[in-house]
Every structure is written in C-alpha cells, then in structure tokens.
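Trainee: Got a minute to look at a model with me? I'd like to talk through how it packs.
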Amino acid sequence: MSQALDPVLQVALDVPLPRLFDYRGSAEIVPGSLVRVPFGKGVKTGVVVAVAAQSDQPADKLKAVEAVLAVTPLPSDWLALCEFVSRYYQHPLGGVMSLALPPLLRQGKLPRKLKEKPAGGAETVLPVMPVMLDEQVVAVAAISAASGFAPFLLHGITGSGKTEVYLRAIATVLERGGQAMMLVPEIALTPQLEGRVAARFPQARIAIAHSGVADAGRTRGFLDAHAGRADIVLGTRLAVFMPLPRLQLIVIDEEHDGSFKQQEGLRYSARDVAVFRAKQRGVPIVLGSATPSLETFHHATSGRYRLLELTRRAVAEAPPRVAVVDTRREKLQDGMSAALLAAMSERLQRGEQSLIFLNRRGYAPVLACPACGWISGCRRCAANLVVHLADRRLRCHHCGLEAGIPRACPDCGNVDIHPFGRGTQRLEAALSERFPEARILRIDRDSASTPVKWAALLDAIHEGSADILVGTQMLAKGHDFPKLTLVGVAGADAALFAADFRAPERLFAQLMQVGGRSGRAALAGEVLIQTEYPSHPLYQALIAHDYAAFAAAQLAEREQAGFPPYVFQALLRAEAKQLDDALAFLAAARESALALGGSVTLYDPVPMRLFRKMTLERAQLLVESASRPALQAFLTSWVAGLYNQKTPRDLRWHVDVDPLEF
Ligand SMILES: Nc1ncnc2c1ncn2[C@@H]1O[C@H](COP(=O)(O)OP(=O)(O)OP(=O)(O)O)[C@@H](O)[C@H]1O
Ligand SMILES: [Zn+2]
C-alpha cells in the first residue's frame with residue numbers, strides 16, 4: 001500500500017524511442033537527478049525529467065530506481081535546453097541528454113576526487129595586454145554594455161584581433177563574477193589557444209572540453225562548471241551543453257565552421273543551440289568570423305544581430321596581397337605554375353616560409369588501369385580508394401577500408417597502373433625534388449593524426465625549422481606563423497561548380513582563412529591562387545578583400561533560387577542493404593506527410609550523392625518551408641508517426657534539421 005504513494009519518476013534513457021520511462025522513486029529524488037534504473041536485462045543511467053503522482057502503468061508493474069548518483073541535480077535550464085534540442089532536432093530526449101552528459105556520468109560513474117589545488121598562485125605573472133585599437137574598443141564596449149539576450153556578429157578580417165576582443169569581454173564577465181563559455185571549431189582548439197586563455201586569466205579556473213580530453217577530465221570539467229567552480233568553459237561543440245549557473249557570456253569563434261554541426265547521431269548545430277541558450281539565459285552571445293556563414297550574415301544585415309566590424313589587421317600593416325595566376329595557357333609542372341614556383345624560390349632565398357594549400361590528403365585520389373579502365377573502388381562505399389604512398393596503402397576516406405597497392409591491375413594483369421590526380425603527399429614529393437635544399441613539412445590528418453604529432457608540427461613551424469608547408473585546411477585556422485609570407489592555392493576550381501549550393505561559401509571561407517595565415521607579423525604577405533577562371537566573381541572578391549560583396553551576391557542568388565537562409569530545410573534519410581527498401585520507406589513517409597498537409601514542400605526520395613557507405617545504400621527526402629515554425633510543427637507530427645511505420649529489419653532512418661551535407 002505504502003508503495004503506491006511513492007512518487008513516480010519520469011526518466012529519460014538513451015534508447016532510440018521518443019518517450020520517457022516511469023520508475024518508482026522516493027521523496028528526495030527531484031527533476032535533474034541522475035539515477036540508475038533496471039532496464040531490460042541490464043541497468044541504465046538516466047536523468048529524472050519530472051516527478052508525477054501516478055503513472056499510466058499499473059503500480060505493481062513499476063520498477064524501483066536502483067541508485068541515485070551523488071551529483072547535484074542538474075538545473076531546470078539544463079533540462080529545458082535538452083528538451084529544446086530534442087524538439088528542434090527531432091531526437092529522443094534520452095539520446096540528447098546522454099550526449100550532453102560527460103562520459104563518466106553517462107555511464108553512471110563519478111570521477112575520482114582530485115586533491116584541490118588552488119587556482120593560480122603567488123608566482124603568477126601578469127599577462128601583457130596590447131593597447132586596443134579603436135574598433136576593438138568599440139566592440140568590447142558594445143558587448144560589455146549589453147544586457148539581456150544580445151546577439152552580436154563580430155566580423156573581423158583575419159588577424160584583426162577578434163580573439164583579443166573575446167578575451168576582454170570575458171575579462172569583464174569574470175570581474176562581474178560571471179561564467180563565460182567559448183566554443184571553437186574542432187580543429188582550431190590548439191594548445192596555443194588554451195595557453196593564451198590560461199595566460200590571460202591566471203586566477204581563473206578553466207574547464208576544457210573537447211574530444212581530446214580524457215573521460216575523467218571531461219567529467220570533472222562538467223562538474224566544475226555545474227558547481228560554478230569553473231569560470232571559463234573552453235571547448236568544441238559538445239561544450240555547449242555544459243551547465244553554467246552564473247553564465248554571462250557566450251563566444252563562438254569561427255562561427256561559420258562546419259564542425260559546429262554534428263554529422264551523426266544527434267545532428268545538432270552547436271552554434272544554433274548556443275544562440276538558443278543565450279536567449280534562454282538572457283545573456284549576450286558573440287559570433288565571430290572573418291567569413292561569417294550566410295545565415296549569420298543575413299541576420300546581421302537584417303538587424304536581428306548587431307554587427308561589429310574589425311576592418312584592420314592588428315599587427316601587420318595590411319592584409320596580404322591576393323592575386324590569381326591564370327593557368328589556362330600554361331603547362332603546369334607537377335600542378336604548379338611558373339609564377340608560384342618563382343614566388344616560392346624567392347621566399348627560400350629570403351629565409352621566409354611558404355604554404356601550399358591543397359585540400360586533398362593522400363598521394364592521389366585514385367589508382368587506375370589505363371588498359372582496361374579498372375579503378376581502385378571501395379567495395380563498401382560508392383567512392384574510390386585513395387592512394388597513400390607514404391605507407392603504401394589504398395584507403396577509403398569514408399569507411400576506413402584499407403588494401404595494399406597492387407603491383408598489377410587486378411582485372412587485366414597490366415603492370416602499368418597509375419595514380420591519377422594529386423593529393424598532399426604527391427605535392428610534397430614533387431616539391432622536395434624541385435627544391436632539394438628546402439625543409440618541407442606536410443600537414444594533414446595523416447601527418448597530424450594525434451594531438452602530440454600535431455603539436456610537434458606546429459612547434460617545428462614556429463621554430464622556423466620548415467621552409468615549405470604543404471597542407472590541407474588543418475592549417476587554415478587560428479595560427480600565427482610569423483615567417484610565413486606566401487600562400488599558394490594549388491587548385492580549387494572544382495568547388496566553383498559543385499552541385500552543393502554551399503560550396504562557394506565554403507571555398508571563399510577556406511581561401512580567406514588560409515590566405516590570412518600569411519604576412520601576420522612584420523613581413524608583408526602574398527596569396528597566389530592558381531585558376532582557370534581568373535575573372536570569376538568569387539576570386540575577384542578575394543582579390544578585393546570584399547567579403548560583403550561576395551556575401552551579398554551569394555545571398556541574392558540564394559534568394560532567387562529559393563535556398564537557405566530564405567527557406568528552412570530538413571532531410572529524412574534512410575539506409576538499408578537494398579536501395580529499394582530505403583526508397584520505399586521514404587516514399588511511404590512522403591505519403592504520410594502528404595496526408596498531414598501543412599505548408600511544406602516535399603521533394604521526391606532520391607539516392608544520396610554518396611549513395612553507398614559501409615555496404616549500406618542511402619537515400620533521402622528533402623522537406624522545405626519558408627516558415628521555420630511551420631516546418632517545426634510539421635516535423636513534430638510527421639516524425640512521431642514515422643516511429644510507427646513498418647520497416648525492414650536492417651533499415652535505419654534519421655532526421656537532419658538544417659542539414660549542411662546532402
Ligand atoms: N590591439 C592590439 N595591438 C597589438 N597586437 C594585437 C592587438 N590585438 C591583437 N593583437 C595581436 O594580433 C594578432 C592577431 O590577433 P588575434 O589572434 O586576436 O586575431 P584574430 O582576428 O582572432 O585572427 P584570426 O581570426 O585570423 O585567427 C595576435 O598576435 C594578437 O596578439
Ligand atoms: Zn569505403
């Protein structure tokens with residue numbers, strides 16, 4: 001009898017179902033508590049979302065909570081944040097919470113206690129702070145004077161001192177006793193930035209949160225933030241979920257960066273979630289970039305966000321000179337023009353560094369037999385195996401499949417098979433033949449495969465023990481290399497005509513970023529872009545350093561063509577062993593959508609561009625609306641119904657709201 005009076009706990013568990021689970025609890029368990037509960041044959045960790053007087057289930061069917069974790073219950077704004085993300089991205093709440101929790105808490109464990117060491121210490125040296133430029137002063141003042149929810153776009157050219165603005169704004173927040181959260185892209189979270197923040201705030205406690213931090217450390221950081229002990233949270237997209245009782249400021253550096261969007265499981269945009277969070281908590285948020293996403297720029301020009309601009313470089317006199325090299329009438333040598341090679345020789349003679357940007361790792365994108373037409377395809381994906389000569393392997397960049405490099409064509413036996421195309425390894429090899437005296441470093445995800453290797457490469461560049469850098473976009477962001485005065489772009493034209501409507505936006509941002517690495521110190525910088533389309537407006541905008549003109553032209557095109565940010569999109573994707581199964585599921589989903597009505601446009605199900613991955617066939621269905629609320633309302637009722645749609649056993653589906661990849 002007495003058991004019936006025990007409160008019923010509604011618990012979010014990480015299972016792929018859009019519902020909560022009821023358990024019998026006790027009076028001291030409140031919403032936000034972490035609990036261990038029996039589930040199926042095992043035990044799961046979950047978050048108590050609500051406490052109710054009774055359950056829809058018969059009282060004797062309810063199981064009891066096994067244990068409560070010794071963690072202060074998560075606050076209601078954290079629960080509300082997860083609920084928003086669950087609703088907006090159409091993802092079960094338990095899955096959202098599981099992702100939002102740090103690794104150990106997710107498993108129902110606690111980190112071992114560390115001996116408390118006081119933050120800072122007597123020997124701390126006061127950081128040297130530069131005298132601010134006028135535009136920086138204006139920006140910091142505007143951010144610090146803001147009260148309540150206030151979104152800012154800090155649009156500053158590369159090297160204009162955006163980071164300095166963030167640090168000053170954070171300093172104000174700390175003086176007022178607040179907490180600040182700063183998110184950076186996956187790749188730019190270098191020890192450099194961590195060091196810079198730590199050096200600036202020697203008295204502050206900083207919680208670092210990214211995938212490179214060990215489970216226990218991340219969990220401790222989360223608990224420090226939650227308890228209000230951490231003053232600054234610095235991390236990648238997953239840090240957006242850190243509970244912060246005294247939150248007063250959010251900073252998103254390089255807000256345009258694609259790594260803020262998670263591309264698997266819960267497909268959320270940490271930038272967009274951060275904007276929601278700023279609104280929810282009534283605090284300012286600063287989105288910073290030299291090349292803002294068109295979505296954000298559109299908000300800034302339409303007055304929803306306040307635009308702050310930094311138009312001058314903080315240290316160097318002027319941004320680098322950008323020029324195009326017309327390669328239409330020239331026979332390139334290993335993919336390089338005479339002009340680029342001459343510019344590199346000059347740098348070598350002067351003891352300066354050059355960076356050649358080629359956004360394709362490996363030796364060559366494919367191995368092929370000219371006799372029979374065989375190419376090195378991946379047997380699991382609709383993609384080619386990339387030639388990696390450094391360790392003599394063929395490798396699929398989508399599924400990781402590896403194979404040795406065959407001596408002869410596997411189909412016809414021809415021994416004269418060739419790598420086609422060019423990646424960073426091939427460029428590196430060609431350059432070391434051409435400049436045998438030069439010290440060449442290749443920087444891509446293969447050479448910088450671990451944080452330790454990456455840090456060693458960065459050190460080598462800083463010490464000046466490299467003359468020529470060959471690198472992918474890994475090198476593009478957030479680095480200051482004082483001796484780097486030349487950036488060469490080996491070839492980027494393909495993106496001008498890609499099917500993806502966001503390709504030009506990405507290319508512009510990449511080239512602006514990578515170009516911005518040159519001439520950041522006392523030496524003047526130069527950027528040479530090899531192209532067969534020298535008069536293309538995108539390159540012309542780069543030459544003129546005119547982001548605004550480029551953005552305006554792109555936005556006009558998008559509006560004309562009906563692309564985001566003028567429409568809102570969601571994708572329903574399905575994958576199965578048979579393409580027909582995936583397409584049939586989507587066709588049925590489309591039927592149920594038509595029956596629902598609503599002001600959305602439904603396209604036909606189509607195979608994805610990468611239509612096979614890991615032996616699964618993949619297809620998708622695009623839904624669009626000019627109204628975000630209309631799209632949201634439609635998705636909510638549609639997706640709820642999809643859980644009841646009958647599917648073949650091997651079929652998996654998911655929804656991607658505001659998709660970046662098609
Ligand atoms: N007011 C200033 N006076 C002198 N130096 C400054 C000033 N502001 C910033 N700097 C220096 O200029 C360099 C570039 O600044 P910062 O890294 O903040 O620029 P950024 O805009 O974030 O660059 P990017 O986006 O290109 O990485 C740094 O070395 C920084 O210490
Ligand atoms: Zn593959």
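Mentor: Sure. One definition before we start: helices here are DSSP runs of at least four residues, numbered from the N terminus. And keep in mind that this is a predicted model.

Trainee: Okay, so what does glycine 303 do just after H10?
Mentor: Glycine 303 takes a positive phi of about 90° there.

Trainee: And H10 itself, which of its residues are buried?
Mentor: H10 covers residues 294-301, and its buried residues are Leu294, Thr296, Phe297, His299 and Ala300.

Trainee: What covers those buried residues?
Mentor: A mix of strands and helices. The cover includes strands E6 (150-156), E11 (284-289) and E12 (306-310), along with helices H14 (503-515) and H16 (547-561).

Trainee: Let's take H16. At what angle do the axes of H10 and H16 cross?
Mentor: Roughly 100°, and the axes come within 11 Å. H10 is therefore roughly perpendicular to H16.

Trainee: Which residues meet in that pair?
Mentor: From H10 you have Leu294, Phe297 and His298, and they meet Ala551, Gln554, Leu555 and Arg558 of H16. By class, that contact divides into 4 nonpolar, 2 polar and 1 charged.

Trainee: Switching topic: how do H17 and H18 pack?
Mentor: H17 (residues 579-596) and H18 (residues 628-642) pack at an angle of about 135°, with axes 10 Å apart. So the two helices, H17 and H18, are oblique to each other.

Trainee: Is the crossing of H17 and H18 left-handed or right-handed?
Mentor: Right-handed. H17 brings Ala589, Ser592, Ala593 and Leu596 to the contact, while H18 brings Phe634, Ser637, Trp638, Gly641 and Leu642.

Trainee: How many nonpolar, polar and charged residues is that?
Mentor: The contact of H17 with H18 has 6 nonpolar, 3 polar and no charged residues.

Trainee: Now the largest nonpolar core. Which residues touch the most other members?
Mentor: Val11, Met181, Val233, Met242 and Ala274, out of 155 residues in that core. Helix H2 (residues 76-89) gives the largest share of this core, 7 residues.

Trainee: What does alanine 274 touch?
Mentor: Leaving out residues up to four places away in sequence, alanine 274 touches Leu183, Val240, Ile250, Ile252 and Ile285.

Trainee: And what about a second core, which residues does that include?
Mentor: That one is separate and has 13 residues, among them Leu367, Cys381, Leu394 and Ile417.

How values were computed: Residues are numbered from 1 along each chain as its sequence is written. Chains are lettered from A and ligands numbered from 1 in the order in which they are written. This is a predicted model: local features need pLDDT of at least 70, side-chain atom pairs count only at pLDDT 80 or more; totals for chains, interfaces and linings use all residues. Axes are lines fitted to C-alpha atoms, for helices over the stretch in contact, and angles run from 0 to 180 degrees between N-to-C directions. Angles under 35 degrees count as roughly parallel, over 145 as roughly antiparallel, 65 to 115 as roughly perpendicular and the rest as oblique. A crossing is left-handed if the near helix is turned anticlockwise from the far one by less than a right angle, and right-handed if clockwise. Two residues are in contact if their C-beta atoms, placed from the backbone, lie within 7 Å. Ala, Val, Leu, Ile, Met, Phe, Trp, Tyr, Cys and Pro count as nonpolar, Asp, Glu, Lys and Arg as charged, and the others, Gly among them, as polar. A nonpolar core is a set of buried Ala, Val, Leu, Ile, Met, Phe, Trp, Tyr and Cys residues joined through C-beta atoms within 7 Å. A residue is buried if 20 or more other C-beta atoms lie within 10 Å of its own, exposed if 12 or fewer, and partly exposed in between; C-beta atoms are placed from the backbone.
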